[in-house]
Amino acid sequence: MDEKQQGLVLTADQVNAMLKIVQKNPRDLLLSEGCRKFLALDRWQKSDRHLRVHSDTDEGVMPGTITHNRKELEKDDFGSSRRTLRLLNPLSSLEPVFSLAGKLKVLSIGPRTEMEIFHLMAIGFALPNIHAVDLIACSPLIDTGDMHKLPYPDRMFDVVISSWVIGYSNTPQKAIDEMVRVCKPGALVAIGLTYEPTIERGVVEHAPTDIVGSNYGSSGELQTLLGPNLGRVYFEQDLDGGKGGVMLIASVKR
């Protein structure tokens with residue numbers, strides 16, 4: 001059997017040598033999806049498991065959102081970080097993130113757990129510059145708040161990430177406007193969501209579940225929400241058909 005058929009086989013010496021490399025820079029471990037999930041879950045299970053819940057929710061928050069996310073956390077279901085990976089991988093290759101991530105302030109909207117925070121660290125962002133906000137916080141690294149009225153001042157962030165959370169809003173324009181408000185001029189916004197073809201587009205009046213608020217089938221529709229604040233489009237993904245991820249990374253004009 002040749003090496004290609006056998007697959008990659010590491011020797012004990014190679015494994016030990018790589019472990020020494022990782023010991024010099026432990027953050028490299030966070031590049032692994034499995035390590036991010038393990039660390040976030042381990043920290044949660046060894047904590048007091050206290051959930052802080054944001055009480056002053058905007059009318060744009062879909063009914064059932066807090067209940068759904070609380071249940072997921074209480075049963076230790078941290079889900080998959082692969083959706084976030086799809087958005088952060090292209091973001092990490094763009095300037096100024098690629099060269100200056102350690103100096104940039106970034107906001108993660110709706111991360112639910114620490115996994116997205118660890119991923120941001122893995123691609124170069126410094127923990128003191130990483131802010132995260134969610135309706136439910138399971139970590140001291142996550143602020144409680146509502147994406148429709150973010151608890152941050154104007155023009156604070158160089159990067160704002162909305163990873164699969166717009167669907168929880170029935171006033172998505174308000175949520176996008178809040179993202180723009182906290183962006184510095186020229187900041188990058190990264191938005192990802194799952195398009196569901198079985199329901200109508202835009203704001204869903206009669207959702208099939210109690211946590212679907214908005215449904216967009218193209219990056220062009222997301223660009224429309226940014227309106228006159230849309231700057232340069234750096235990355236976009238549309239669907240040829242069916243259910244799947246719709247993504248947009250663009251700069252913000254102020």
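Before we start, one cut-off: buried means under 20% relative accessible area, exposed over 50%, and partly exposed in between. Keep in mind as you work that this is a predicted model.

**Exercise 1. A pair with two environments**

Find the salt bridge between Glu72 and Lys75, and decide for each partner: buried or exposed?

*Solution.*
- Step 1: The side chains of Glu72 and Lys75 form a salt bridge, with 3.4 Å from N to O. That fits the cut-off of within 4 Å.
- Step 2: Glu72 has a relative accessible area of 14%, so this residue is buried.
- Step 3: Lys75 reaches 55%, so this residue is exposed.

**Exercise 2. A pair inside a helix**

Work out which helix holds Glu178 and Arg181 and how many residues apart they lie. Then place each on the accessibility scale.

*Solution.*
- Step 1: The two side chains meet in a salt bridge at 2.7 Å, N to O.
- Step 2: Both residues belong to helix H8 (residues 172–181), and they are 3 residues apart, about one turn of the helix.
- Step 3: Glu178, at 12% relative accessible area, is buried. Arg181, at 21% relative accessibility, counts as partly exposed.
- Step 4: Now look for a further partner: Asp154 joins Glu178 and Arg181 in a network of salt bridges.

**Exercise 3. A pair across the sequence**

Explain why the salt bridge between Arg201 and Glu221 ties together separate parts of the chain.

*Solution.*
- Step 1: The side chains of Arg201 and Glu221 meet at 2.4 Å, N to O.
- Step 2: Arg201 sits in the loop between strand E7 (183–195) and strand E8 (202–203), whereas Glu221 is in helix H9 (residues 219–226), so the pair links parts that are 20 residues apart in sequence.
- Step 3: Arg201 counts as partly exposed, with 42% relative accessibility.
- Step 4: To put these pairs in context, the count for the model comes to 12 salt bridges.

**Exercise 4. Into the nonpolar core**

Identify the residues with the most contacts inside the largest nonpolar core, and find which element gives the largest share.

*Solution.*
- Step 1: This core has 35 residues, and those with the most contacts inside it are Leu91, Val97, Leu120, Phe125, Val159 and Ile161.
- Step 2: Elements that give two or more residues to this core include helix H5 (82–92), helix H7 (115–122) and strand E6 (157–163). The largest share, 6 residues, comes from H7.
- Step 3: Setting aside residues up to four places away in sequence, Leu91 touches Val97, Val159, Ile161, Leu188 and Ile249.
- Step 4: A second, separate core has 33 residues, among them Ala175, Ile176, Val182 and Tyr216.

Definitions and conventions. Residues are numbered from 1 along each chain as its sequence is written. This is a predicted model: local features need pLDDT of at least 70, side-chain atom pairs count only at pLDDT 80 or more; totals for chains, interfaces and linings use all residues. Side-chain values use heavy atoms; hydrogens and water are left out. Buried means under 20% relative accessible area, exposed over 50%, partly exposed in between (1.4 Å probe, protein chains only). Helices (H or I, at least four residues) and strands (E, at least two) are DSSP runs, numbered from the N terminus. A nonpolar core is a set of buried Ala, Val, Leu, Ile, Met, Phe, Trp, Tyr and Cys residues joined through side-chain atoms within 4.5 Å. Contact means heavy atoms within 4.5 Å.
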